[in-house]
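Hi,

Here is the structure I promised to pass on to you. My notes on what turned up in it follow below.

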Amino acid sequence: GFAVLPLQGVDESLMELERSVRELKMRGVIFFSNVEGHFLDEERFWPLYERIAALDVPIFIHPTHPVNDKGMKDYGLISTLGFLYDTTLTMLRIIFSGLLEQHSRLKFILPHLGSVVPYITARIDKERAGPTNSQRNIQRSPSEYFKLVYVDTVSLHKPALMMANSYLGSARILFGCDCPFWGMGEGLESVR
């Protein structure tokens, strides 16, 4: 099992992290993609990341209501697009903040085949090299840091699964099925 921490309070989260991992033997933690509209790369969370890295447990970033839902309330676009938008935004902010530069042992799991990140890495790298990004917290291209991230197989789209496998390699892809929202059989069949 993975623990859910009370991220509204970092001190409380640090205590619950210790209890969850050491006493309850939890194997990781789940963070929502934002905390009441606050981003996970904010420096107030960094002591928590440092402790998670020391405990050597993964962080699963689960989508929640996006920080910006403008235009997504109609047509069911929050679950279709908004969740992927929010986890993509979160992962890119984590990468660009320098968090993985300072704590390369952190293990992030980004669901839905890494959201949108694997499919736009060339654009991310190209834009990062442009003149508007003079403030840099990372030494390498963003795509190099993303290769430290694990993704799950929740997609059901064979070309996307093949692309993620080609980009990240099977060692960085974990089985996921999004149960109970999608069926376990669908997830297994998509991987087969």
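To begin with a single residue, Asp69 has a relative accessibility of 18%, so it counts as buried. Its salt-bridge partner is Lys73, with the closest N and O atoms 3.8 Å apart. Lys73 itself is exposed, at 64% relative accessibility. Please keep in mind that this is a predicted model.

That pair belongs to a wider set of charged contacts, since the structure holds 9 salt bridges. Another one joins Arg93 and Asp41, at 2.8 Å from N to O. This pair links distant parts of the chain: Arg93 sits in helix α3 (residues 77–97), Asp41 lies in the loop between β2 (28–32) and α2, and 52 residues separate them. Asp41 is buried, with a relative accessible area of 13%, whereas Arg93 is partly exposed at 31%.

Within helix α1 there is a pair of a more local kind. Arg22 and Glu18 form a salt bridge whose closest N and O atoms are 2.7 Å apart. The two are 4 residues apart in helix α1 (residues 10–23), so about one helical turn separates them. Arg22 is partly exposed, with a relative accessible area of 47%, and Glu18 also counts as partly exposed, at 23%. Arg51 comes into the picture here too: Glu18, Arg22 and Arg51 are linked in a network of salt bridges.

Now to the nonpolar interior. The largest nonpolar core has 43 residues, and those with the most contacts inside it are Phe31, Tyr49, Met91, Phe108 and Phe146. Helix α2 (residues 46–55) supplies the largest share of this core, with 6 residues. Tyr49 may be a good place to start looking. Leaving aside residues up to four places away in sequence, Tyr49 touches Phe31, Leu40, Ile59, Ile94, Leu99, Leu106 and Phe108. Two of these contacts, Phe31 and Phe108, are also on the list of residues with the most contacts in the core.

Finally, the cysteines. How many disulfides does the structure hold? The count is 0. The sulfur of Cys177 has its closest cysteine sulfur in Cys179, at 4.7 Å, and that is too far for a bond, because a disulfide needs the two sulfur atoms within 2.5 Å. Cys177 is buried, at 12% relative accessibility, while Cys179 is partly exposed, with a relative accessible area of 48%.

Happy to talk it through whenever suits you.

Best wishes

How values were computed:
Residues are numbered from 1 along each chain as its sequence is written. This is a predicted model: local features need pLDDT of at least 70, side-chain atom pairs count only at pLDDT 80 or more; totals for chains, interfaces and linings use all residues. Side-chain values use heavy atoms; hydrogens and water are left out. Buried means under 20% relative accessible area, exposed over 50%, partly exposed in between (1.4 Å probe, protein chains only). A nonpolar core is a set of buried Ala, Val, Leu, Ile, Met, Phe, Trp, Tyr and Cys residues joined through side-chain atoms within 4.5 Å. Contact means heavy atoms within 4.5 Å. A salt bridge is a side-chain nitrogen of Lys or Arg within 4 Å of a carboxyl oxygen of Asp or Glu.
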